[in-house]
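Student: Could you walk me through this structure, one question at a time?

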Amino acid sequence: MKIVLVTCSLLTAASAHTIFTQLWVNGVAQGHTKGIRVPTYDGPITDVTSENVICNGGGINALRTPLPKDIINVKAGDKLTAEWHHTLESKPETDKSDPIDPGHLGPIMVYLAKVDDALTTKLTGLKWFKIYEDGMDANGEWAVTRLYNKKGLVDFPLPPCIQSGQYLLRAELIALHGAGSYPGAQLYMECAQINVTGGGSASPATVSFPGAYKGADPGIKFQLYWPKPTSYKIPGPPVFTC
Ligand SMILES: *[C@@H]1O[C@H](CO)[C@@H](O)[C@H](O)[C@H]1NC(C)=O
Ligand SMILES: [Cu+2]
């Protein structure tokens, strides 16, 4: 029995990945995978120079097709929530690695890119700005631990001053357990299709994907275990605020 348990936990750790599967708006769940370009496989992207870091997809992480025909209507200033799960079907009640293996420690970020048509837009050439990030706090607790304790839910505000229109919302989680050398950090991301109303006229500074991260960034090549880290620099640009 003991051997069986050990084997299971090893298997679980090896494949304990995660997917952003649902968007909530002001505390209301919008529907499982609704409006989200989800991959067929929950595994990570490790090459930060690959086009797969934009919104997942490609190769073994190919996006489910047809792409979602839904767009999530939101208002600038709304409270949004990204819900993550181990696989497209798993639940925390029956899977200890849901929403993710608790050892997959690291930061969580959210980016937006303004697009003409969120349902059909290509992913290359978009201009992204970061609206949320959470890394390691002063007690050494990670964003992933907070996500695990909240059964996969991560709250973040939509800035009230962003322009109305359609966007892709890129939610990202980076697991750092293998990040001591590059490639090793495991990047998990999906993009939701949103339609923003009631916005303002902000024009945030933007970055590109790929491009925003380098393999040598201190937040991508990172020693999680020893010596025990006292701080962590989240990769990418600063968070845009109104
Ligand atoms: C976005 O919202 C506006 C305002 O409600 C609406 O007129 C428009 O049709 C919506 N766009 C899409 C693609 O649903
Ligand atoms: Cu994993």
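Student: Which residues surround ligand 1?

Tutor: Happy to help! This is a predicted model, where local features need pLDDT of at least 70, side-chain atom pairs count only at pLDDT 80 or more, and totals for chains, interfaces and linings use all residues. Residues are numbered from 1 along each chain as its sequence is written, chains are lettered from A and ligands numbered from 1 in the order written, and side-chain values use heavy atoms, leaving out hydrogens and water. With a residue counted as near if one of its heavy atoms lies within 4 Å, ligand 1 is surrounded by Ile 71, Asn 73, Gln 166, Asn 195 and Thr 197.

Student: How far is an oxygen atom of ligand 1 from an N or O atom in the side chain of Asn 195?

Tutor: Asn 195 is one of the residues around the ligand. A polar contact is a pair of N or O atoms within 3.5 Å. Here the distance is 2.3 Å.

Student: What angle lies between the planes of Phe 20 and Trp 84?

Tutor: Rings of Phe, Tyr and Trp (its six-membered ring) pair if their centres lie within 6.5 Å; planes under 30 degrees apart count as stacked, over 60 as edge-to-face and the rest as tilted. Phe 20 and Trp 84 are 5.9 Å centre to centre and form a tilted pair, with an angle of 40°.

Student: Is Phe 20 buried or exposed?

Tutor: Buried means under 20% relative accessible area, exposed over 50%, and partly exposed in between (1.4 Å probe, protein chains only). Because its relative accessible area is 0%, Phe 20 is buried.

Notes:
A polar contact is a pair of N or O atoms within 3.5 Å; within protein, one must be able to donate a hydrogen and the other to accept it, and residues adjacent in sequence count only if both atoms are side-chain atoms.
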